[in-house]
Amino acid sequence: MKKILLSVLTLATLSTASAAEKVGAYLLGVQYQRDTNATDAVRFGLGVPLAGFFDGGGAVALSGDVSFLRHTAAATETVQPYYGAGLGLSAVLGAGSGASVGAAGLYPNVLAGANFNVTDQFSLFAEGSVGPVVAFAYATDGQNSASGADVGLGYGLRLGVNYKFR
C-alpha cells in the first residue's frame with residue numbers, strides 16, 4: 001500500500017508542468033488536486049483529526065483518501081461534472097478507565113460530482129461516493145480482549161470549496 005501511494009504521488013508530481021493545482025476544504029477535511037492532463041486529475045484528501053478528551057481517557061479519529069477523477073467538461077465551463085474512483089482509509093483509537101479500543105476501515109469507492117466555478121480561481125463542489133467498507137476492530141479492558149472484522153456498504157458526501165493556484 002505504501003509503495004502504491006508513493007508511486008501515485010511521484011507520478012502526480014512529475015506530470016506536466018502546466019497542470020492546474022487546487023487546494024480545497026470540505027466538511028472535516030482538506031484536499032490537494034493536480035490535473036494530469038485536460039480531463040484527468042489525482043486528488044489527495046486528509047480528514048481533519050478529531051479528538052475528544054473525557055475524565056480518564058480520550059479518543060482520536062483520522063482519515064485519508066486518494067482519488068482519480070475524470071472531468072466531462074472543460075475547466076472553463078460554469079459547471080464541470082466529473083466521475084472517478086477512490087480509496088479511503090480511516091482509523092479511530094480510544095482509551096479510558098483501563099479499557100482501549102481501536103478500529104480501522106478501508107473504503108474503495110466510485111464517485112461522481114461537479115465543480116461549480118464561481119470565478120477563475122474559486123469553485124464550489126459537491127460529490128457523492130459509494131462502495132464497500134471493510135472494517136477491523138480490537139478492544140481490551142486489560143483482562144479480556146476481543147477483535148472482529150466486518151464488510152458493509154458505505155457512502156459519502158463531500159461538499160466544499162477549491163482554490164486554483166496554478
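A residue counts as partly exposed when its relative accessible area lies between the limits for buried, under 20%, and exposed, over 50%. In this predicted model, V79 has a relative accessible area of 40% and is therefore partly exposed. V79 belongs to strand 5, and that strand makes a convenient starting point for a tour of the structure.

The chain as a whole contains one helix and eight strands, and their order along the sequence is α-β-β-β-β-β-β-β-β. Of its 166 residues, 30% are buried. Contacts across the sequence are also worth a look: among those between residues at least 6 apart, 51% join residues at least 24 apart. The surface exposed by the chain comes to about 9900 Å², with 70% supplied by carbon and sulfur atoms.

Strand 5, which spans residues 79–96, pairs with strand 4 (residues 57–71) in the antiparallel sense, over 15 bridges. Within this pairing, V66 has L87 of strand 5 as its bridge partner. Strand 5 also runs antiparallel to strand 6 (residues 99–117), to which 18 bridges join it. Here G88 is matched with Y107, its bridge partner in strand 6. Strands 5 and 6 form a hairpin with two residues between them, where S97 adopts a positive phi near 50°.

Returning to V79, this strand 5 residue also contributes to a nonpolar surface patch of about 510 Å². The other contributors to the patch are F116, V118, F122, L124 and V161.

Conventions: Residues are numbered from 1 along each chain as its sequence is written. This is a predicted model: local features need pLDDT of at least 70, side-chain atom pairs count only at pLDDT 80 or more; totals for chains, interfaces and linings use all residues. Side-chain values use heavy atoms; hydrogens and water are left out. Two strands pair if DSSP finds at least two bridges between them. Helices (H or I, at least four residues) and strands (E, at least two) are DSSP runs, numbered from the N terminus. Patches are made of residues with over 30% relative accessible area and no salt bridge: like charges are joined within 9 Å, nonpolar side chains (Val, Leu, Ile, Met, Phe, Trp, Tyr) within 5 Å. Accessible areas come from the Shrake-Rupley method with a 1.4 Å probe; for residues, only the protein chains shown count as cover. A salt bridge is a side-chain nitrogen of Lys or Arg within 4 Å of a carboxyl oxygen of Asp or Glu. Buried means under 20% relative accessible area, exposed over 50%, partly exposed in between (1.4 Å probe, protein chains only). Contact means heavy atoms within 4.5 Å.
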